[in-house]
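Let's take a walk through this model together, looking at a few backbone details, the packed interior and one charged side chain. Have the structure open as you read.

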Amino acid sequence: MPASQIKIPRTAMIMAAGYGTRLRPYTDTVPKALVPVLGVPMLDVVLNRLQAVGVKRVVINLHHLGDRIREHLKDRRDLEIVYSEETEILETGGGIVKALPLLGDEPFYAVNAKIIWLNGKIDALVRLAANWDDSRMDALLLLQPTVTAIGYDGKGDFTMDQEGRVRRRLGWQVAPFLYAGIQICHPRLFRDAPQGAFSTNVVWDRAIEEDRLFGLRHDGEWYHVSTPQHLADVERHLSFHGIKF
């Protein structure tokens, strides 16, 4: 699809409310989203990526040390930034449901603030937008091959067929793909969602049953920053390859 025909979502949500307990002691005084990688807070890396593809409005959910995020972004003017305050942690699904009135009626990006990704030949955010099919999808997840994920030591999350439909791994399986923390989703994904705290997995499972959850294989590098050791490993890898943010 020609770039001029790709409809980029104009709105995004960044998930930044978590405590980041595995990244202590950094997160004792700094929210996880502001922990720097190569000197640049992860939140800034995500915001810069979203702005670069044409996103105009960003909703950020806040809880742990949320005032630090507000202060950090108070002078930023290239994006409209609004906040969804959580008096208690609502997890990924509950956090998005609370923010829905701020997100509008159209598909939007949802991005975790604890990841670093490098693009392949085409920006991953653009690839997601180019592959979005509103008639078939309630969510389109960026999926990272588990064997190339840096800082990840789990068993994976999903299998994926040739048309991009995803299925959960069975308990005994090692799945080839993990959720890379970036998706496009439509507000209808959260219809009749539970109240309060819940994981996005709840609505993803319903979308799987309805054949409306799809995945897209990431063709670049992906880094999971969850512990001080992960952070050190990621910075060492990026520095070795001359990556700057």
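## Two leucines with positive phi

L65 is partly exposed, because its relative accessible area is 29%. Keep in mind that this is a predicted model. You will find L65 in the loop between β4 (57-62) and α3 (66-73), and its phi is near 55°, a positive value in a residue other than glycine.

L38 also deserves a look: its phi is positive, about 55°, although L38 is not a glycine. This residue lies in the loop between β2 (36-37) and β3 (40-41). L38 counts as partly exposed because its relative accessibility is 28%, which falls between the 20% limit for buried and the 50% limit for exposed.

## The cores and strand β6

Moving inward, the largest nonpolar core has 42 residues, and those with the most contacts inside it are I14, L43, L50, I60, I69, Y109 and W117. Helix α2 (residues 42-53) supplies the largest share of this core, with five residues. Setting aside neighbours within four places in sequence, L43 touches I14, A33, L34, I60, I69 and L73. There is also a second, separate core of 26 residues, with A139, L141, F158 and C185 among its members.

How many residues of strand β6 (residues 108-112) are buried? Five of its five are. In a regular strand the side chains alternate between the two faces of the sheet. Here both faces of β6 are covered, with F108, A110 and N112 buried on one side and Y109 and V111 buried on the other.

The pairings of β6 are set out below.

| Partner strand of β6 | Sense | Bridges | Example |
|---|---|---|---|
| β1 (residues 11-15) | parallel | four bridges | A12 with Y109 |
| β11 (residues 177-185) | antiparallel | four bridges | C185 opposite F108 |

## A buried glutamate

Finally, turn to E86, in the loop between β5 (80-85) and α4 (91-103). Which side chain of opposite charge is nearest to E86? That is K98, 6.9 Å away, and E86 is buried yet has no salt bridge. The distance to K98 is beyond the 4 Å limit for a salt bridge. The side chain of E86 does have a polar contact of 2.8 Å with the side chain of N61. Apart from neighbours within four places in sequence, the residues in contact with E86 are A17, N61, L62, H63, G95 and K98.

How values were computed
Residues are numbered from 1 along each chain as its sequence is written. This is a predicted model: local features need pLDDT of at least 70, side-chain atom pairs count only at pLDDT 80 or more; totals for chains, interfaces and linings use all residues. Side-chain values use heavy atoms; hydrogens and water are left out. Buried means under 20% relative accessible area, exposed over 50%, partly exposed in between (1.4 Å probe, protein chains only). Lys and Arg count as positive and Asp and Glu as negative; His and the chain ends are not counted. A polar contact is a pair of N or O atoms within 3.5 Å; within protein, one must be able to donate a hydrogen and the other to accept it, and residues adjacent in sequence count only if both atoms are side-chain atoms. Contact means heavy atoms within 4.5 Å. A nonpolar core is a set of buried Ala, Val, Leu, Ile, Met, Phe, Trp, Tyr and Cys residues joined through side-chain atoms within 4.5 Å. Two strands pair if DSSP finds at least two bridges between them.
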